[in-house]
Amino acid sequence: MGHQFVLLISACIFCIGAVGFLIRKNPLVMFMSVELMLNSVNFLLVGYSHFLKSMDGQIFALMIMTVAAAEVVVGLAIILTIFRTRHDMDVDHINTLKG
Amino acid sequence: MLEFDLFELTKATVTLLVGLTAVLASLGVILCSSPIYCALYLIGHMICLALLFLLYNAEFIAAVQIIVYAGAVMILFLFIIALLGGKKEVQEPSLERSLAVLFVATMLGELFLSATVGSTKPIEGGFDVETVAEVGGSAKAIGLELFSRHLVSFELASVLLLVAAIGIICLSKFSYIPVRRRMK
């Protein structure tokens with residue numbers, strides 16, 4: 001399959017992730033949508049590393065996976081801390097810092 | 001030219017099918033009301049992406065995808081859902097949601113345009129399939145590149161993981177008590 005297939009599929013997945021981040025209210029599902037966006041970029045990098053015969057795309061994908069793992073761990077810890085004090089899973093209700 | 005390459009045709013069909021399955025699974029992630037189903041769809045999506053990585057000759061990245069994402073990260077998600085209780089989310093249409101969908105649809109149109117119209121001159125590197133096979137597989141080729149040209153970013157990634165580990169220890173151990181005191 002040509003490189004336009006990679007571009008179109010990863011653009012679709014990225015936009016689905018962006019929609020999910022904007023329309024969902026559960027913070028866990030919002031995190032999953034962020035994972036979708038990161039994964040689509042990974043797919044783009046790996047596909048282009050195949051087409052351009054270079055290893056840099058795969059190394060970049062590896063770095064993105066590291067950042068994503070760190071981000072998920074810290075984000076889930078924050079969600080857990082918020083849930084322990086509020087017992088509520090809706091991002092619209094977390095407005096204590098709002099002035 | 002009546003004869004065609006059956007291997008290439010099969011590979012293209014499988015790539016197309018797996019790519020479409022990945023897109024459908026990501027739709028399932030954002031459309032399911034219950035977070036546990038979202039997590040299961042996300043696992044399916046990640047396995048599809050690992051298959052696509054395999055089809056694009058990136059065996060090492062596919063293995064890392066399965067181990068790190070479908071293994072570690074999604075198990076973490078499932079444990080958090082089990083801990084917090086996966087309550088169903090009421091999804092009703094509203095003005096903000098339609099605006100969000102419209103905004104992202106515009107973005108998707110722009111991405112499609114830029115993907116199909118423009119053409120750039122590719123700068124090719126030295127790692128085609130034969131060279132990678134000669135070196136000894138994609139893991140060894142990635143290692144050779146990672147530990148020579150990308151050594152600084154590798155060390156920075158290790159520092160990032162250390163900072164994340166220290167951060168979640170601080171979050172889960174120290175931040176709870178002051179918050180409780182403030183709530184009284």
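Which helix of chain B is B:Phe79 found in? Keep that one in mind while I get us started. What you have in front of you is a predicted model, so everything I say today is computed from that model.

OK, the answer: B:Phe79 sits in helix 3 of chain B, the stretch covering residues 59-84. And is B:Phe79 buried or exposed? It's exposed, because just 11 other C-beta atoms fall within 10 Å, and the exposed class goes up to 12. Now look at B:Glu8. B:Phe79 and B:Glu8 are 71 residues apart along the chain, and their C-alpha atoms are 42 Å from each other.

Let's step back to chain B as a whole. Chain B has eight helices and zero strands, so if you like topology strings, it reads α-α-α-α-α-α-α-α. What about its overall dimensions? The C-alpha trace spans about 80 × 45 × 30 Å along the principal axes. The radius of gyration of chain B is 22 Å, whereas a compact globule of 184 residues would come in near 16 Å. Buried residues account for 20% of the 184 residues in chain B. On contacts within chain B, take pairs at least 6 apart in sequence: 54% of those contacts join residues at least 24 apart.

Next, helix 4 of chain B, residues 95-116. This one has 22 residues and runs 32 Å from first C-alpha to last, close to the 32 Å you'd expect at 1.5 Å a residue. How many of its 22 residues are buried? One, so helix 4 is hardly covered.

Now for a couple of backbone oddities, one in each chain. In chain A, look at A:Lys53, in the loop between helix 2 (27-51) and helix 3 (56-86). A:Lys53 isn't a glycine, yet its phi is positive, about 55°. A:Lys53 counts as partly exposed, because it has 17 C-beta neighbours inside 10 Å.

In chain B, the one to find is B:Asn57, in the loop between helix 2 (35-55) and helix 3. B:Asn57 also has a positive phi without being a glycine, near 60°. With 19 other C-beta atoms within 10 Å, B:Asn57 is partly exposed, because buried would take 20 or more.

Back to chain A, and the two helices on either side of that A:Lys53 loop. People usually describe two packed helices by the angle between their axes and the distance between the axes. For helix 2 and helix 3 of chain A, the axes come within 8 Å and cross at roughly 175°. Anything over 145 counts as antiparallel, so these two helices are roughly antiparallel to each other. Who's touching whom? From helix 2 of chain A you have, among them, A:Phe31, A:Leu38, A:Leu45 and A:Tyr48, and the helix 3 side includes A:Phe60, A:Ile64, A:Val72 and A:Ile79. The residues of that contact split into 14 nonpolar, five polar and two charged.

Last stop, the contact between the chains. Chain B puts in 67 residues and chain A puts in 59. Which parts of chain B give two or more residues to that side? That would be helix 1 (6-31), helix 2, helix 3, helix 4, helix 6 (138-146), helix 7 (151-174) and helix 8 (176-183). So helix 3, where we began with B:Phe79, is on that list, because it gives two or more residues. As for chemistry, the chain B side divides into 49 nonpolar residues, twelve polar and six charged.

That's what I have, thanks.

Terms used: Residues numbered from 1 in each chain as written. Chains lettered and ligands numbered in written order. Predicted model: local features only at pLDDT ≥ 70, side-chain atom pairs only at ≥ 80, totals over all residues. Helix = DSSP H or I, 4+ residues; strand = E, 2+ residues; numbered from the N terminus. Rg over C-alpha atoms; globule rule 2.2 N^0.38 Å. Contact = placed C-beta atoms within 7 Å. Expected span 1.5 Å × (residues − 1). Axes fitted to C-alpha atoms, helices over the stretch in contact; angles between N-to-C directions. Parallel < 35°, antiparallel > 145°, perpendicular 65-115°, else oblique. Nonpolar A, V, L, I, M, F, W, Y, C, P; charged D, E, K, R; others polar.
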